[in-house]
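Open the model in a viewer and keep the selection panel at hand. The tour goes from one selection to the next and says what is there.

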Protein chains: 2
Amino acid sequence: MDWSIQEIAKIAGTTSRTLRHYDDIGLLKPSRTGHNGYRHYDGPALVQLQRILLLRELGLGLPAIAEVLNRETDTVKALSSHLDWLAQEQDRLTRQIASVRQTIDTMKGDGKYMAQDMFDGFDHTQYKDEVEERWGKDAYAASDSWWRGMSADEKQQWKDRVQKLGSDWISTAESGVSPDSDEAQDLARRHVEWLSGIPGTPTAAPGGDVKGYVTGLGEMYVADPRFAANYGGESGATFVRDALRIYAEQNL
Amino acid sequence: MDWSIQEIAKIAGTTSRTLRHYDDIGLLKPSRTGHNGYRHYDGPALVQLQRILLLRELGLGLPAIAEVLNRETDTVKALSSHLDWLAQEQDRLTRQIASVRQTIDTMKGDGKYMAQDMFDGFDHTQYKDEVEERWGKDAYAASDSWWRGMSADEKQQWKDRVQKLGSDWISTAESGVSPDSDEAQDLARRHVEWLSGIPGTPTAAPGGDVKGYVTGLGEMYVADPRFAANYGGESGATFVRDALRIYAEQNL
DNA sequence: GTAGAGGTTGACGCTACGTCAAGGTCAAGG
DNA sequence: CCTTGACCTTGACGTAGCGTCAACCTCTAC
């Protein structure tokens, strides 16, 4: 019962490189080392190796296996906590699969998630869950079907308009004028006008709290960096927010 | 629309280190680099970054993301093949979880999988599925309950006997005698005698194909390195097989 | 002038080995 | 004795995606 490194590797169904690695990290030392440096393994070593490989197949890490072999940890305990980890992983995978499916579906059905390209700046339909949470399911459904119903040409026009509005905001903010300046207030007017083009938003009709909606939106631009980014970051968004609030209080 | 590396990192919800990494591997270059080496990012860069992070959350690797961004691969196609991979992973995890559960159960109920320690050499109950496949469920159930019913002392005795038999085989094989020598044939007799002590094995009673069983077992010792290991590897197992075949033909 | 905040480029660390590379050892054969 | 070939050895790099120092600029503010 004395095998060379190749022999025991074949017997146990692994490679000599693996055995050298286990030797390096102290997981499994050869039972004997020849004067020429050759590694030799005996029966007990083979048993150890097989236990290692068994645990490895179950997904345990080498440090965890070492603990088990050194009696520092009960095998059952090690496997149990490993099982917890596996369950978590499975959960994560399940959720990730759902996300990928969802993404594929929406990209196939329409370029909703491609909105980063098409909608560019502000996209109420881009963040489905959040829109629903903030303004209700109806608002989302309305703007969603509205967007789906547009032709590619119309979408492009809309996109251009959004981009123009965004860049105007940024240049205005950077010009140093105050949010209550005529320029800023004119932009605020354009902004509200633009918003009114999106179905599902409150209107001036009875019961529609346009004022609260617009000011709330401004706060969100500042609070959410994804929106803030469209207006030149936090400082730009702050400018937009202030301008919108002033406009809302004076005109809505 | 011009952010420093920290700013855009915060906006996009990642770290500056990540952005530097993406720059290094060419996934996302800064839109501008200052005379001082500082990285600066603009709006389009932010959009790219957000797409990258979205795909990353879905689990795509950076090379795959790069392909998508470079229009080399359709996003839907990339996500679909990624989905396949995810499904495989989930499968693997599910099977692994089952294995771990099984192992924990058997280790709790009795040290069946600990058999590597206790049974040492030959353990028909160690490889449940294979035993069942080769010799039927009855054989497994019989030898299993038999083993469970033994006291620790009896188990130890059995273990010693197995080990003695194994080492005798090895030393005999290494001594250079032929498989039909008296010594080898005596060992074969002991081996068959030993086998007959395990419930579930064929007997000399009518209908029991002891001869076929013994020769088949010998073949398995050679074919399966896990068993071969108990007899000094493939060469040793070959010797055992030959001796057993000769013994079976002459005596069974 | 000097903090202090933020930027830069290395370079190591992590998981578990695969994969060369360069060079000894050993048994068999010319 | 020399060669061949199979097998052994010790490095050391590569892998995926950054985290985490380390050592050293740069710019603003007091």
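Which atom of DNA strand D does a polar side-chain atom of A:Arg39 lie 2.6 Å from? Select A:Arg39 and DNA strand D together: the partner is a phosphate oxygen of the strand. Keep in mind throughout that this is a predicted model.

**DNA strand D**

Stay with DNA strand D and add A:Ser4, which has a polar side-chain atom 3.1 Å from a phosphate oxygen of the strand. Next pick B:Arg17, where an N or O atom of the side chain is 2.8 Å from a base oxygen of DNA strand D. Now colour by element. Two or more residues each come to the surface near DNA strand D from helix H1 (5-12) and helix H2 (16-24) of chain A, and from helix H2 (16-24) and helix H4 (62-69) of chain B. H2(B) supplies the largest share, four residues.

Select everything around DNA strand D and 20 residues light up. The closest are A:Gln6, A:Arg20, A:Arg39, B:Arg17 and B:Arg56. By class, this surface has six nonpolar, nine polar and five charged residues. On the DNA side, 73% of the strand's atoms within 4 Å of the protein belong to sugar or phosphate, and the rest to bases.

**DNA strand C**

Move to DNA strand C, which is also surrounded by 20 residues. Here the closest are A:Arg17, A:Arg56, B:Gln6, B:Arg20 and B:Arg39. Of the atoms of DNA strand C that come within 4 Å of the protein, sugar and phosphate account for 69%.

Three contacts can be picked one by one:

- B:Gln6: a polar side-chain atom lies 2.6 Å from a phosphate oxygen of DNA strand C.
- A:Leu62: a backbone N or O atom lies 3.2 Å from a phosphate oxygen of DNA strand C.
- A:Tyr38: a polar side-chain atom lies 3.0 Å from a base nitrogen of DNA strand C.

Which element gives the most to the surface near DNA strand C? Select H2(A), which contributes four residues. The residues of this surface divide into six nonpolar, nine polar and five charged.

**The sheet of chain B**

Finally, hide the DNA and show chain B as a cartoon. Its three strands form an open sheet in the order E1-E3-E2, with antiparallel pairing. Strand E1 (3-4) and strand E2 (32-33) of chain B stand at the edges with a single partner strand each, so one side of each has no neighbour in the sheet. E2(B) pairs with strand E3 (residues 39-41) over two bridges. To see a bridge pair, select B:Arg32 and its partner in E3(B), B:His40.

Definitions and conventions. Residues numbered from 1 in each chain as written. Chains lettered and ligands numbered in written order. Predicted model: local features only at pLDDT ≥ 70, side-chain atom pairs only at ≥ 80, totals over all residues. Heavy atoms only, no water. Near = heavy atom within 4 Å. Polar contact = N/O pair within 3.5 Å; in protein donor to acceptor, adjacent residues only side chain to side chain. Nonpolar A, V, L, I, M, F, W, Y, C, P; charged D, E, K, R; others polar. Pairing = 2+ DSSP bridges.
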